[in-house]
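Student: Hi! Could you walk me through this structure?
Tutor: Sure, ask away.
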Amino acid sequence: MRNKKLEANVSMAVSKIFGGFNMNALKFLLPLWMSPLTGAAIRCTFAAVAFWIIGWFMPKEQSTPKEKILLLLLGALGLYGFMFLYLIGLSKTTPVSSSIFTSLEPIWVFVIMIVFYKEKVSVKKIVGMAIGLVGALVCILTQKSDDLASDAFTGNMLCLLSSVAYAIYLVMSQRILANVGAMTMLRYTFTGAAITGLIVTAITGFDAPVLTIPIHWQPFLILMFVLIFPTTVSYLLIPIGLKYLKTTVVAIYGYLILIVATITSLAIGQDRFSWTQTFAIVFICAGVYLVEVAESRDKSPDPLKK
């Protein structure tokens, strides 16, 4: 089990590092080289095809028709909802701000677990949640729109909602993983997300100049990076973490997204140093840390792994 936990932690670290670079890559692509809605459909469809192909070379996993339907619905609503909100939000704000809200996922996980799974509530957890939410409010209310963020307030609110959607996806994914294999979960959730994405794109129109002829190689290669590493490889690694780590530990790896996205954004000029952003980052990290310390001292089993 110790080796499995090490494998799970390494998997989550690699996954979230790719996730940090994903922020900057998508910010480059959106909305000039592809629209957010088309981008969500491309990501979900590419990953769904990739996971079905990979699944052909792996041992067969057992699942019931009911479980497959639940996975399709989870993908269609939870996974696509997350990507839908996330890509639109990122197109309007900066990678650092969007990653700040990604770091709130452990807070939302705890809220869900308290409301639906009777997770223990302690003063330290409540204080941690409050501090984290103060950091989020500072980012939302103080960031102004400029040449790097066309509509910072709307973008930040959408990124906030996307972090809630992803927390729901995390919680439900881990619960379903108790009964089905990781590849089954990935194939059916991304298939559900791809179906929703294709329907939405059919209604709104396909908008992806990055895929037009003649090929513009720089944006095309960046798109391939997004599809192969942060989308396919990253999501392939997440179930390993979900299988052997507590939900809150999985969510707290979102810190790596924040660190990588911040360093890269400042290095390549996708964001500028801001004291208010720094304040928000410190508060959110402190809040999540307090919640995690309270969780680590709670010896009760993870309610999602019953």
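Student: Where is L137?
Tutor: L137 sits in helix α6, residues 123-142. Helices here are DSSP runs of H or I with at least four residues, and they are numbered from the N terminus. This is a predicted model, where local features need pLDDT of at least 70, side-chain atom pairs count only at pLDDT 80 or more, and totals for chains, interfaces and linings use all residues. Residues are numbered from 1 along each chain as its sequence is written, and side-chain values use heavy atoms, with hydrogens and water left out.
Student: Is L137 buried or exposed, or in between?
Tutor: L137 is partly exposed, because its relative accessible area is 47%. Buried means under 20%, exposed over 50%, and partly exposed in between, using a 1.4 Å probe and protein chains only.
Student: And how far apart are L137 and N156?
Tutor: They are 19 residues apart in sequence, and 9.8 Å apart in space, C-alpha to C-alpha.
Student: New topic: what about W56?
Tutor: W56 belongs to helix α2, residues 36-56. It counts as exposed because its relative accessibility is 63%. W56 also joins V49, I53, F57 and M58 in a nonpolar surface patch of about 590 Å². A patch takes residues with over 30% relative accessible area and no salt bridge (a side-chain nitrogen of Lys or Arg within 4 Å of a carboxyl oxygen of Asp or Glu). Nonpolar side chains are joined within 5 Å, and like charges within 9 Å.
Student: Which residues does a cis peptide bond join?
Tutor: One such bond joins L30 and P31, with omega about -10°, and P31 is in the loop between α1 and α2. Another joins I213 and P214, with omega about 0°; P214 is in the loop between α8 and α9.
Student: How many cavities of 30 Å³ or more are there?
Tutor: The search of the whole structure finds one. On a 1 Å grid over the protein atoms alone, a cavity is a set of points where a 1.4 Å probe fits but cannot get out, and lining residues have an atom within 4 Å of a point. The largest cavity holds about 220 Å³ of space.
Student: What lines the largest cavity?
Tutor: There are 21 lining residues, with K16, G19, F82, Y235 and I257 nearest the centre. Helix α1 gives the largest share, five residues.
Student: And how big is the largest pocket?
Tutor: Its volume is about 250 Å³. A pocket is an open set of points with protein on both sides within 12 Å along at least five of seven lines. The lining of the largest pocket has 13 residues, and α9 gives the most, with five.

Technical notes
Grid points are joined across faces, edges and corners, and a volume is the space filled by probe spheres set on the points. Helices (H or I, at least four residues) and strands (E, at least two) are DSSP runs, numbered from the N terminus. Accessible areas come from the Shrake-Rupley method with a 1.4 Å probe; for residues, only the protein chains shown count as cover.
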